[in-house]
Amino acid sequence: MERNDALARGVRERLGLSGVPAFNLVSSPGSGKTLLLERTLRDLGDELRIAVITGDVQTQNDADRIARWTQDLVQAVVTGGACHLDASQVTDALDAIDLDALDLVFIENVGNLVCPASWDLGETAKVVLFSVTEGEDKPLKYPKMFQKARYAVLNKIDLLPYVPFEVEKAKACAREVNPTIEFFLTSALTGEGLDVWYDFVRSQAKDSILAAGGVET
Ligand code: MG
């Protein structure tokens with residue numbers, strides 16, 4: 001873990017020197033990380049140069065899905081059983097990425113709300129996804145992840161008419177463990193709410209960050 005934290009500091013330093021932010025997407029399996037990234041690349045790919053590092057326990061399926069939408073680099077990390085990405089894998093992935101030619105990096109972590117909370121990847125911020133097909137109390141059940149995340153994306157809101165899910169209750173649960181967490185409500189499937197997410201992504205990209213005084217570390 002100490003070695004991981006040292007490597008994570010190295011990642012953060014490299015990102016900082018290039019002025020490129022990196023967002024670590026974490027969630028339980030099936031919350032919609034990959035689809036959110038596909039839509040984001042499809043809709044912002046002409047404006048922003050975005051690289052993606054995507055981890056899965058097995059298969060390159062997500063990397064293949066994401067790569068359809070971008071000319072920029074998609075790095076697949078197959079963890080071979082490990083339940084999270086670690087900073088050494090991100091370090092290796094960055095070796096293959098020309099940071100100076102990028103505006104932003106997304107890291108799609110392994111779908112798991114427990115272990116990825118403990119592993120610093122050197123990211124600028126964690127973005128935790130959860131969906132309306134899960135329980136509103138997920139933040140209370142997995143508090144560490146929601147404490148570590150600066151942003152939360154509540155996804156699959158197109159299903160709200162069909163499932164007994166109270167958005168305000170979910171937000172209250174998240175704020176109970178992290179009072180400053182910022183919410184996005186999206187459907188990566190229908191596109192609802194993605195305009196707000198895209199404005200956020202634009203605001204975080206390299207040029208916007210430089211204009212605002214550099215990457216927060
Ligand atoms: Mg995925």
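**Magnesium site, core and helix crossing**

Biologist: How are the donor residues of the magnesium ion spaced in sequence?

Modeller: The spacing is T-x27-D-x45-E. This is a predicted model, where local features need pLDDT of at least 70, side-chain atom pairs count only at pLDDT 80 or more, and totals for chains, interfaces and linings use all residues. Residues are numbered from 1 along each chain as its sequence is written, and side-chain values use heavy atoms, leaving out hydrogens and water.

Biologist: What makes Thr34, Asp62 and Glu108 donors of the magnesium ion?

Modeller: Donors are N, O and S atoms within 2.8 Å of the metal (3.2 Å for Na, K and Ca). Thr34 (OG1), Asp62 (OD) and Glu108 (OE) lie 2.0 to 2.1 Å from the ion, so they count as donors. Water is not among the atoms, so the site may look incomplete.

Biologist: Why is Asp62 called buried?

Modeller: Buried means under 20% relative accessible area, exposed over 50%, partly exposed in between (1.4 Å probe, protein chains only). Asp62 has 12%, so it counts as buried. Glu108 has 2%, so Glu108 is buried too.

Biologist: What makes a set of residues a nonpolar core?

Modeller: The members are buried Ala, Val, Leu, Ile, Met, Phe, Trp, Tyr and Cys residues, joined through side-chain atoms within 4.5 Å. The largest such core here has 27 residues. Phe23, Phe106 and Trp197 have the most contacts inside it.

Biologist: Why is the crossing of α1 and α4 called left-handed?

Modeller: In a left-handed crossing, the near helix is turned anticlockwise from the far one by less than a right angle; clockwise is right-handed. The crossing of α1 and α4 is left-handed.

Technical notes
Helix = DSSP H or I, 4+ residues; strand = E, 2+ residues; numbered from the N terminus.
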